[in-house]
Amino acid sequence: MSKRLQCGRFGLDLSQRAQVMGILNTTPDSFSDGGRHASLEAAIDHAERMLADGVDLIDIGGESTRPGAPPVPLDEELRRVLPVVYALRDHGVPLSVDTTKPEVMREAIIAGADLINDIHAFRTPGAIEAVREADCALCVMHMQKTPADMQQAPHYEDVLAEVIAFLQERVAALEAAGVARARLCVDPGFGFGKTLEHNLVLLRGIGRIEAETGLPVLAGLSRKSMIGAITGKPVEQRLAGSLGGALAAVAHGSKIVRVHDVAETVDALRVWQAAWRTQHEKGQDGT
Ligand code: 7PM
């Protein structure tokens, strides 16, 4: 596996320690009536907090993936995402844009996005064409069905084999279109059409996902329902569980963790890293 992810203006070094991707929401919050300017200010304040806390990349999302959430029209998604990309593009860390829409991908790349994070794995018609000639990184994520129906009785014969086969097929489609492997990372998509047991098999299988795709694995477990299912805690009390999840993902070989709580995750990974230093130099999983 390549230890460097080509990420637009950046080459992300994955060889020394896991990278922390901070989740930046740009969806207007329902408690604030300050309008567009207020939500932009809030997003920039949040991003600056994450930068001070040691974030390695920032994931900007303008489309809620919550099951049952209303779809966000193209112009609204562009109005949410682009000002944030412009405002943050010279802050020294790569910017990721979380979108499934080819038009948003194109505009985001022009604006300065360094990574496109597509929960639909570039299956939307026009998505591959929108990204192929750029130099941004691409995160290819597995999802069974769609956000609207993915949690209705998820079913697999062999979840790990099926997720790996899906990711390999998407990677092959991107490579066939001319996308360099150095631009790619893969993600099993925790919670996207999976039961707790499926999620745990995938978490334990991160090493196999990396080995069989030959690509860095990004893992997003932060505050998800699987953390709630294991701990019995509601979403606002899932910090400790999420830190446990992030460390477990890194122990299994994940190179990028997508999290809400940047300061805490950076600290946890620093201690982890210090503890495993010598083993780390022999092999990433400490063995
Ligand atoms: C509602 C349901 C709100 C799910 C938010 C979510 C991932 C992602 C998301 C992930 C990658 C969340 C998710 N999750 N992108 N986007 N990997 N690459 O909990 O696991 O953040 S949205």
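## N-terminal hairpin

Strand 1 (residues 4-7) and strand 2 (residues 10-13) run antiparallel and are joined by four bridges. The model described here is predicted. Within this pair, Gln-6 of strand 1 has Gly-11 of strand 2 standing opposite. The two strands form a hairpin with two residues between them, and there Gly-8 adopts a positive phi near 60°.

## Parallel sheet

A further eight strands make up an open sheet, in which the pairing is parallel. Their order across the sheet is 8-7-6-5-4-3-10-9. The edges are formed by strand 8 (184-187) and strand 9 (218-219), each of which pairs on one side only.

At the strand 8 edge, the neighbouring partner is strand 7 (residues 137-141). Strands 7 and 8 run parallel and are connected by four bridges. Met-141 faces Asp-187 across this pairing, the latter residue belonging to strand 8. In general, side chains in a regular strand alternate between the two faces of the sheet.

## Ligand site

The ligand occupies the space of the largest pocket. Its surroundings comprise 13 residues, and the closest are Thr-65, Asn-117, Asp-187, Lys-224 and Arg-258. By character, this shell divides into five nonpolar, three polar and five charged residues.

Asp-187 thus appears both in edge strand 8 and among the closest residues to the ligand.

## Polar contacts and coverage

Which ligand atom lies 2.6 Å from a polar side-chain atom of Asp-187? The partner is a nitrogen atom of the ligand. Lys-224 and Arg-258, by contrast, approach oxygen atoms. An N or O atom in the side chain of Lys-224 is 2.6 Å from a ligand oxygen atom, and a polar side-chain atom of Arg-258 lies 2.8 Å from an oxygen atom of the ligand. Of the 480 Å² of accessible area that the ligand has on its own, the protein covers 83%.

How values were computed: Residues are numbered from 1 along each chain as its sequence is written. This is a predicted model: local features need pLDDT of at least 70, side-chain atom pairs count only at pLDDT 80 or more; totals for chains, interfaces and linings use all residues. Side-chain values use heavy atoms; hydrogens and water are left out. A residue is near a molecule or strand if one of its heavy atoms lies within 4 Å of it. A polar contact is a pair of N or O atoms within 3.5 Å; within protein, one must be able to donate a hydrogen and the other to accept it, and residues adjacent in sequence count only if both atoms are side-chain atoms. Accessible areas come from the Shrake-Rupley method with a 1.4 Å probe; for residues, only the protein chains shown count as cover. On a 1 Å grid over the protein atoms alone, a cavity is a set of points where a 1.4 Å probe fits but cannot get out, and a pocket is an open set with protein on both sides within 12 Å along at least five of seven lines; lining residues have an atom within 4 Å of a point. A molecule sits in a cavity or pocket if more than half of its atoms lie within 2 Å of its grid points. Ala, Val, Leu, Ile, Met, Phe, Trp, Tyr, Cys and Pro count as nonpolar, Asp, Glu, Lys and Arg as charged, and the others, Gly among them, as polar. Two strands pair if DSSP finds at least two bridges between them.
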